[in-house]
Amino acid sequence: MNIRKKIYIFDDNVAIHALIEKALGGVYDLIRQTSPDNIEKLLELGMPDLIIMDILMPGVVHDGATATVWLKSNPKYKDIPVIIITSIAQGTLVDTGFIKEKTKADAVMFKPIDAAELRQNITDLLKRNRI
């Protein structure tokens, strides 16, 4: 029996949720959230195989960046692969390396999201995490 991988999506734009769902074509179980404020509670209910996190979200406790830093600094959750998605313009002072360095995310993608690139990032990170 093939167990479907679970992916948590944190983005305040529900249109992005729909875009990701369409891009992934029903291959994964997707848990959608519009804020990472309840991330600790959600993780207590079940561990995802991967997290897709928007970096700029309004949050009382966490925005996407601080939630990712919290995840990657927590020994219990640090090995969960995280893909940061952002609308910060590529080529500005904030680039992929800067975001990865500051948040410790495993991958960074810029909006608009390229579906093939997203699928490839997910495949690569899930394979890497199995080893």
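**Close-ups of a predicted model: a five-stranded sheet and its helices**

**View 1. D54 sits in strand β3.** This is a predicted model, where local features need pLDDT of at least 70, side-chain atom pairs count only at pLDDT 80 or more, and totals for chains, interfaces and linings use all residues. Residues are numbered from 1 along each chain as its sequence is written, and side-chain values use heavy atoms, with hydrogens and water left out. Helices (H or I, at least four residues) and strands (E, at least two) are DSSP runs, numbered from the N terminus. D54 is buried, at a relative accessible area of 2%; buried means under 20% relative accessible area, exposed over 50%, and partly exposed in between (1.4 Å probe, protein chains only). Setting aside residues up to four places away in sequence, D54 touches F10, D11, D12, G64, I85, T86 and K111, with contact meaning heavy atoms within 4.5 Å. Its side chain also reaches the backbone nitrogen of L56 at 3.4 Å. That is a polar contact: a pair of N or O atoms within 3.5 Å, where within protein one must be able to donate a hydrogen and the other to accept it, and residues adjacent in sequence count only if both atoms are side-chain atoms. Between the C-alphas of D54 and P36 there are 9.3 Å in space, for 18 residues in sequence.

**View 2. T86 lies in strand β4 (residues 82-86).** T86 is buried, with a relative accessible area of 0%. Beyond its neighbours within four places in sequence, T86 has D54, I55, I99, M109, F110 and K111 as contacts. The rest of β4 is in much the same position, as five of its five residues are buried. V82, I84 and T86 on one side and I83 and I85 on the other are all buried, so both faces of β4 are covered. In a regular strand the side chains alternate between the two faces of the sheet.

**View 3. β4 has a parallel partner in β3 and another in β5.** Strand β3 (residues 50-54) is joined to β4 by four bridges; two strands pair if DSSP finds at least two bridges between them. Across this pairing, D54 stands opposite I85, and I52 opposite I83. Four bridges also link β4 to strand β5 (residues 107-110), where M109 is the bridge partner of I85.

**View 4. The open sheet of five strands runs in the order β2-β1-β3-β4-β5, with parallel pairing.** β2 and β5 stand at the edges with a single partner strand each, so one side of each is left without a neighbour in the sheet. From one strand to the next, the twist averages 20°; axes are lines fitted to C-alpha atoms, for helices over the stretch in contact, and angles run from 0 to 180 degrees between N-to-C directions. Helix α1 packs on the sheet, touching β1, β2, β3 and β4, and its direction makes about 170° with that of β2. Helix α4 (residues 96-103) packs there too, against β4 and β5, at about 135° to the direction of β5.

**View 5. In helix α1 (residues 14-24), I16, H17, I20, A23 and L24 are buried.** They fall on the same side of α1 because they cover an arc of only 130° around the axis, taken from the directions from the helix axis to the C-beta atoms. On the other side, V14 and K22 are exposed. At the start of α1, a side-chain oxygen of N13 comes within 2.8 Å of the backbone nitrogen of A15. Just after the helix, G25 takes a positive phi of about 55°.
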